[in-house]
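Q: I have a new structure on my screen and no idea where to begin. Could you walk me through it?

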Amino acid sequence: MNLIQSIVNSAAEIAVLRRDLHAHPELCFEEVRTAEVVASQLTQWGIPVHRGLGGTGVVGIVKAGSSPRAIALRADMDALPMQEFNTFDHASRNPGKMHACGHDGHTAMLLAAAQYLATERHFDGTVYLIFQPAEEGGGGAREMIKDGLFERFPVEAVFGMHNWPGSQVGKFAASSGPVMASSNEFKIVVRGKGGHAALPHNALDPVLVACQMVQAFQTIISRNKKPIDAGVISVTMIHAGEATNVIPDACELQGTVRTFTLEVLDMIEQRMRDIASHTAAAYGAQCEFEFVRNYPPTINASRETEFARRVMASIVGEDNVEQQEPTMGAEDFSYMLMAKPGCYSFLANGDGDHRALGHGGGPCMLHNPSYDFNDHLIPLGATYWVRLAEAWLMPNVGGGYDPYPSK
């Protein structure tokens, strides 16, 4: 691998910082300590800092030369509301909170890149370093944009990256088009008429009506959606009743819908509304339907993705730059890609062998209580960020530079 040696040399120091962040996880919009650590490090390296976008967001600014061109690099900072099983020294000290998705590592990799960029400045233009709060369900990217992120810090393109457990360290993956799905939630309350379970003819059973809805929803996937379009409807909660001999008055359904396009999402939401209301009406029941759209699909721009892949190949070789198979997981970097062209890529985190003694009994997978970020990725991820920014903002070429030269 063609790593930047000075980043390799400082990786151990950055790893200590990463483990400190891991030991002090903070949930969405609560990243006060984390933001202070980030801002303090950037300031120490002579990088101007703007704070407060999206509540606890931090933006560092590294300038070189005279070009007005600019690129943005983003890392997320928040943790998950879950208990950590690991017992090694840097395990979470905040009960019920854990860096189980590697955002501590994402922050560390971007900090390592920031240190090098501020020291060397082998580019012509501006690199905006976006440390984003509240990716895990809070929509921090959306909130930073609402607060004027791209108006205050105008860029040509924005790039993000996520670690990916289960793949061999030294590999990247990036693909154009949809790479992560939209995330949406629904809640349906079916209201019938309660009664004695031995006398169902005197009641109106909402559980029966709800079960008919659950079955019918899957016909949307199999009969209303084009087979080549991806979509998932999962009813994950059914709540009703308090006693075995009582037909309840109401039954509540909750679940999630995932799609790669807004067109498919629009269709699914409308069909679910129709099925819910008409099924309830057919049985004489009442229905309350709520559909909440959380994150839109994450869709990579083709030119920026190809550019990123070429940078990756220059570091690890073309054979180690794979196509990313789309996943039905969601990511709020999607909001940034709706505002600016860019690429969201993936960096292999290994199979868990990097974990020290004291890790939990489970696998080293995302959102698992035994997860830990692989510190060996710090110099690799930071090198990618640096080379990406330097390639995009090549010096001595001015505003006419084409970042997409033909092969």
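A: Let's begin with one residue: Pro-48 sits in the loop between H2 and strand E1 (49-51). Helices (H or I, at least four residues) and strands (E, at least two) are DSSP runs, numbered from the N terminus. Keep in mind that this is a predicted model, where local features need pLDDT of at least 70 and side-chain atom pairs count only at pLDDT 80 or more, while totals for chains, interfaces and linings use all residues. Residues are numbered from 1 along each chain as its sequence is written, and side-chain values use heavy atoms, with hydrogens and water left out.

Q: Is Pro-48 buried, exposed or partly exposed?

A: Here's the scale: buried means under 20% relative accessible area, exposed means over 50%, and partly exposed is in between (1.4 Å probe, protein chains only). Pro-48 has a relative accessible area of 46%, so it counts as partly exposed.

Q: Which residues is Pro-48 in contact with, leaving aside its neighbours within four places in sequence?

A: Contact means heavy atoms within 4.5 Å. By that rule, and with those neighbours set aside, Pro-48 touches Val-59, Gly-60 and Ile-61. Take Gly-60: it is 12 residues from Pro-48 in sequence, and 5.8 Å from it in space, C-alpha to C-alpha.

Q: How far apart in space are Glu-325 and Ala-173?

A: Their C-alpha atoms are separated by 8.6 Å, though their positions lie 152 residues apart along the chain. Glu-325 is in the loop between strand E15 (321-322) and helix H9 (333-339), and with 65% relative accessibility it counts as exposed. Now try Ala-243 and Met-161: they are 82 residues apart in sequence and 49 Å apart in space, C-alpha to C-alpha. Ala-243 belongs to the loop between strand E10 (231-240) and strand E11 (246-247), and its 38% relative accessibility makes it partly exposed.

Q: What about His-103, is it buried or exposed?

A: His-103 has a relative accessible area of 0%, so it is buried. You'll find it in helix H3 (residues 103-120). Leaving aside neighbours within four places in sequence, its contacts are Asp-76, Met-77, Asp-78, Glu-135, Glu-136 and His-162. Asp-147 is 44 residues from His-103 along the chain, and their C-alpha atoms are 22 Å apart.

Q: Which residues have a positive phi?

A: The general idea is that most residues other than glycine have a negative phi. In this model, Phe-29 has a phi near 65 degrees, a positive value in a residue other than glycine. Phe-29 is in the loop between helix H1 (5-23) and helix H2 (32-44), and it is partly exposed at 36% relative accessible area. Ala-134 is another case, with a positive phi near 55 degrees. Its loop runs between strand E4 (125-132) and helix H4 (140-146), and Ala-134 is buried, at 0% relative accessible area.

Q: How many residues are in the largest nonpolar core?

A: A nonpolar core is a set of buried Ala, Val, Leu, Ile, Met, Phe, Trp, Tyr and Cys residues joined through side-chain atoms within 4.5 Å. The largest one here has 68 residues, and those with the most contacts inside it are Leu-42, Leu-129, Phe-131, Phe-159, Tyr-384 and Leu-388. Beyond its neighbours within four places in sequence, Leu-129 has contacts that include Leu-42, Ile-47, Val-58, Leu-73 and Leu-117. Apart from that core lies another, of 25 residues, among them Leu-204, Val-209, Met-213 and Leu-253.

Q: And how many helices and strands does the whole protein have?

A: There are 10 helices and 16 strands. Buried residues make up 55% of the 407 residues. Among contacts between residues at least 6 apart in sequence, 80% join residues at least 24 apart. Along its principal axes, the C-alpha trace spans about 80 × 50 × 40 Å.

Q: What is the radius of gyration, and what would a compact globule have?

A: The radius is taken over C-alpha atoms, and the globule rule is 2.2 Å times the number of residues to the power 0.38. With 407 residues, that puts a compact globule near 22 Å; the protein has 24 Å, which agrees.
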